[in-house]
Amino acid sequence: MLNNQGRSTQPAEAHGAARETFTGNRALDIEESLIFDQNRFDTTGVDVDEPAPFSDRLGGMSRASELELPGLSEPEMVRHYVRLSRKNYSIDTGMFPLGSCTMKHNPRLNEKMARLPGFGDVHPLQPQSTVQGALMLMQELSRWLIELTNMSAVALSPKAGAHGELAGMMAIKAAIASRGEDQTRKTVLVPDSAHGTNPATAALIGFDVQSVPAGEDGLVHPAAVKEKLGPHVAAIMLTNPNTCGLFEREIVEIAAAVHEAGGYFYCDGANFNAIVGIARPGDLGVDAMHINLHKTFSTPHGGGGPGSGPVVLSERLAAFAPLPFLAKDGEGLKLVEERDGNQAFGRMTAFQGQMGMYVRALSYILSHGSDGLRQASQDAVLNANYVRACLSDIFSQPFGDRACMHEVLFDETWLKGTHVSTLDFAKALIDEGFHPMTVYFPLVVKGAMLIEPTESESRASLDLFVMAMRDLAFRALRGDEERFAKAPRFSPRARLDETRAARNPVLKWKKREAWAEAAE
Ligand SMILES: *Cc1c(COP(=O)(O)O)cnc(C)c1O
């Protein structure tokens, strides 16, 4: 059955809440159905002339039935998408304490710069002589990234952190092949606290992954690494600060040991935002590191992109950078698309990468300056430690109560005996108007809650978050199980049946009638 706006009047439980109004709407929270379910295939928002007679060249294969694209008038279409957009929780609507994701404010100035016609309207197939300004911007961004990391080269083109990891590891693979050791060096060491993309990247390009355990203190120790080193090891992939929010203090010794054994040191740079302007990966012995422009340098992300994951390379790996790269061309610049005696593995992507993200990142860098970038890192660390200090009397920390970097990690020990799980707690946070923190990651910590407030949050907003966390914690400890078992109570959809969704995914839209029949 469809209501007066073409929306389905499915039973209340399908919407996760009792149907309290005729329309299913709750004041400004409008129950919006899929555009296909609005079922108006005979309506259109555009006026197109009938095409002139033409002879079809489909050889009798033209479709016999209607295409059945959904039809809406222009105002209906505008409403559909605006209503959908209002269901989106974003960094522009509230605090987003997702650990590891660095959801910080994206300054509007950067958006304005990215829309300048000279950057926003250029086409990748334009002659390079007509896009010299854009190439200069890429050159300037490269200079900053090399300066901030103290590395030798940068490949801008990778389109996400994981893609940058792939580029860096492919450079390592090419370097090893150039030494004639590609048949022997086939192992990549990855600490067990690593982000899942690390082992996935290594495995994807044919390396065997061997895990390195962290110590009781959450850190990787040189002894544990040395035990696994040998002529079969191609590289280690380490994150610093690591995914537990701790700085790997013995990184210099680990890097030296890996180098001595003939391997390379890949650093996952997704957490670079904690140390920009304070420590330089090049000084720590890193050979390759991706930089998530969409995390550290505040270009928008979430919802699938676009991200941008330039990878910086040490002198030992610079010759193995992917194509294209920038070079001087007389007075100007050019993108070099081929190289002689090519040792590298080719290109990561068509064209040159995410131009719009380069503009935003450089705009962010220039508007902060080097002192401002350092302060952003310091404030990110300060904010995380403020949250830690305000919560550590209740929430348990897996590695003891000590200073963290830009994110603070709690575990589930404090919830013991309450019937409330980390997941329940995160869901209850939604009812309080916050995006949940990262849960159950890193995997090495049971019931992990990883909180990264970023430097964007004011003292007032951190205080509200802390008070909401404390209030929920007291409820959990007092045995208010109802509150958690049913959370979130106020979101348009409550807990989804994730098992069923995974086992029996509905990947194709079907007409309503077919749904109704299926339900009978
Ligand atoms: C985000 C992240 C990645 C992957 O970056 P994407 O841009 O999402 O591909 C890798 N490692 C860590 C630690 C991260 O936080």
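This is a short chat about the predicted model shown above.

Q: Before we start, what kind of model is this?
A: It's a predicted model, where local features need pLDDT of at least 70, side-chain atom pairs count only at pLDDT 80 or more, and totals for chains, interfaces and linings use all residues. Residues are numbered from 1 along each chain as its sequence is written, and side-chain values use heavy atoms, with hydrogens and water left out.

Q: Cool. In what order do the seven strands of the open sheet run?
A: The order is β1-β7-β6-β5-β4-β2-β3, with mixed pairing. Strands here are DSSP runs of E, at least two residues, and helices are runs of H or I, at least four residues, both numbered from the N terminus. Two strands pair if DSSP finds at least two bridges between them.

Q: Which strands sit at the edges?
A: β1 (153-155) and β3 (208-212), as each pairs on one side only.

Q: And how do β2 and β3 pair?
A: In the parallel sense, over five bridges, with β2 covering residues 187-191. One bridge joins V188 to V209 in β3.

Q: Which strands does helix α4 lie across?
A: Helix α4 (residues 132-149) lies across β1, β6 (288-290) and β7 (311-313), at about 125 degrees to β1. Such angles run from 0 to 180 degrees between N-to-C directions, using axes fitted to C-alpha atoms, for helices over the stretch in contact. Contact means heavy atoms within 4.5 Å.

Q: What about α8?
A: Helix α8 (residues 251-260) lies across β4 (233-239) and β5 (264-268), running at about 140 degrees to β5.

Q: Switching topic: how many salt bridges are there?
A: A search of the whole structure finds 25. That means a side-chain nitrogen of Lys or Arg within 4 Å of a carboxyl oxygen of Asp or Glu.

Q: Which residue does E31 bridge to?
A: R493, with the closest N and O atoms 2.9 Å apart. They're 462 residues apart: E31 is in the segment before α1, and R493 is in the loop between α12 (481-485) and α13 (498-503).

Q: Is E31 buried or exposed?
A: E31 is buried, at 14% relative accessible area. Buried means under 20%, exposed over 50% and partly exposed in between, with a 1.4 Å probe and protein chains only. R493 is partly exposed at 36%.

Q: What does K226 pair with?
A: K226 forms a salt bridge with E253, at 3.0 Å from N to O. K226 lies in helix α7 (residues 222-226) and E253 in helix α8, so the pair ties together parts 27 residues apart in sequence.

Q: And R483, which residue is its partner?
A: E432, with the closest N and O atoms 2.8 Å apart. R483 lies in helix α12 and E432 in the loop between α10 (422-431) and β11 (438-439), so this pair ties together parts 51 residues apart in sequence. R483 is buried at 17% relative accessible area, while E432 is partly exposed at 31%.

Q: Last one: which residues does K173 touch?
A: I205 and F207, not counting residues up to four places away in sequence. K173 itself sits in helix α5 (residues 161-178) and is partly exposed, at 37% relative accessibility.
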